[in-house]
Amino acid sequence: MKLFYEWIYRYARAPWDLGPRKELVEAVESGRIKPCKAIDLGCGTASNAIFLAQRGFDVRGTDYSSAAIALCQQRGAAAGVTVNWIEDDLTDLKRVHGSFDFLVDWGVYDDLTQPDRQAYLRNVLPLTHAHSRFIIYVHQWSLRWWEKSLHRLIGGMQPMQPGEVEADFSPYFAIEKLVERTFPSGYIGGEAVYLMTRKGETSK
Ligand SMILES: C[S@@+](CC[C@H](N)C(=O)[O-])C[C@H]1O[C@@H](n2cnc3c(N)ncnc32)[C@H](O)[C@@H]1O
């Protein structure tokens, strides 16, 4: 997977290079999420991190692809914003430290294998504190019959199943589902967006 990302950021335009995501923009522009210390996990095309920096957030963007980080640096400079871009692996963080008020994940967690999702949780939870907010976008749909057969044959990654985000994150976060969409035709069967708030006693 990493080689794929290195290739696409270096030589092509990624199909997810579509600008800042609607629900993130709405949460910020409505004042629901106010400028704070934020991190874009798997910052890829830089769109979401640059959007947050333009709205006054203090932003880090991290990605394990060196080509993504180079692209982010170039785009951040062109946009005239200051973002701290950090090359690091979310399943084994070495350079990202501290805790964040707001975390963004568009398309990383759902892209990982089951063991890597557990490693991601072990690495990302320490980046949160009580009441941190976390917006996460996932591909999510019930596997179609042919996908189940294919998965039984070759294994590999799967989209999130309905209820899986709640199962994985609810021990740590209160979870609000912002959107769930299904796409009856086409390869991607659906997606969902969740806004989560870290549980805890400490007030911030
Ligand atoms: C589908 S892309 C989305 C990119 C980005 N969120 C955006 O909107 O442009 C997934 C991103 O996650 C990054 N990624 C995947 N696994 C990662 C990991 N273990 N650690 C850090 N980044 C990872 C990839 O390099 C890629 O940029």
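Reader: How many nonpolar, polar and charged residues does the shell around the ligand have?

Author: This is a predicted model, in which local features need pLDDT of at least 70 and side-chain atom pairs count only at pLDDT 80 or more, while totals for chains, interfaces and linings use all residues. Residues are numbered from 1 along each chain as its sequence is written. The ligand is surrounded by 19 residues, each with its C-beta atom, placed from the backbone, within 6 Å of the ligand. With Ala, Val, Leu, Ile, Met, Phe, Trp, Tyr, Cys and Pro counted as nonpolar, Asp, Glu, Lys and Arg as charged, and the others, Gly among them, as polar, the shell divides into 8 nonpolar, 8 polar and 3 charged residues.

Reader: How many of the 8 residues of helix α3 are buried?

Author: A residue is buried if 20 or more other C-beta atoms lie within 10 Å of its own, and helices are DSSP runs (H or I, at least four residues) numbered from the N terminus, strands being E runs of at least two. The buried residues of α3 include Ile50, Phe51 and Leu52, and the buried set packs against α2, β1, β2, α4, β3 and β4. α3 is largely enclosed by the rest of the structure, because the number of its residues that are buried is 7.

Reader: Which description, roughly parallel or roughly antiparallel, fits α3 and α4?

Author: The axes, which are lines fitted to C-alpha atoms over the stretch in contact, with angles running from 0 to 180 degrees between N-to-C directions, come within 10 Å and cross at roughly 30 degrees for α3 (residues 47-54) and α4 (residues 66-79). Angles under 35 degrees count as roughly parallel and those over 145 as roughly antiparallel, and α3 and α4 are therefore roughly parallel.

Reader: Which residues of α4 make the contact with α1?

Author: The axes of α1 (residues 2-11) and α4 come within 7 Å and cross at roughly 30 degrees. Two residues are in contact if their C-beta atoms, placed from the backbone, lie within 7 Å. From α1 the contact takes Tyr5, Glu6, Tyr9 and Arg10, and from α4 it takes Ser66, Ala67, Ala68 and Leu71.

Reader: How many C-beta neighbours does Phe57 have inside 10 Å?

Author: Phe57 is found in the loop between α3 and β2. Leaving aside neighbours within four places in sequence, Phe57 is in contact with Pro35, Cys36, Ala38 and Leu52. Phe57 counts as buried because its C-beta neighbours inside 10 Å number 24.

Notes. Angles under 35 degrees count as roughly parallel, over 145 as roughly antiparallel, 65 to 115 as roughly perpendicular and the rest as oblique. A residue is buried if 20 or more other C-beta atoms lie within 10 Å of its own, exposed if 12 or fewer, and partly exposed in between; C-beta atoms are placed from the backbone.
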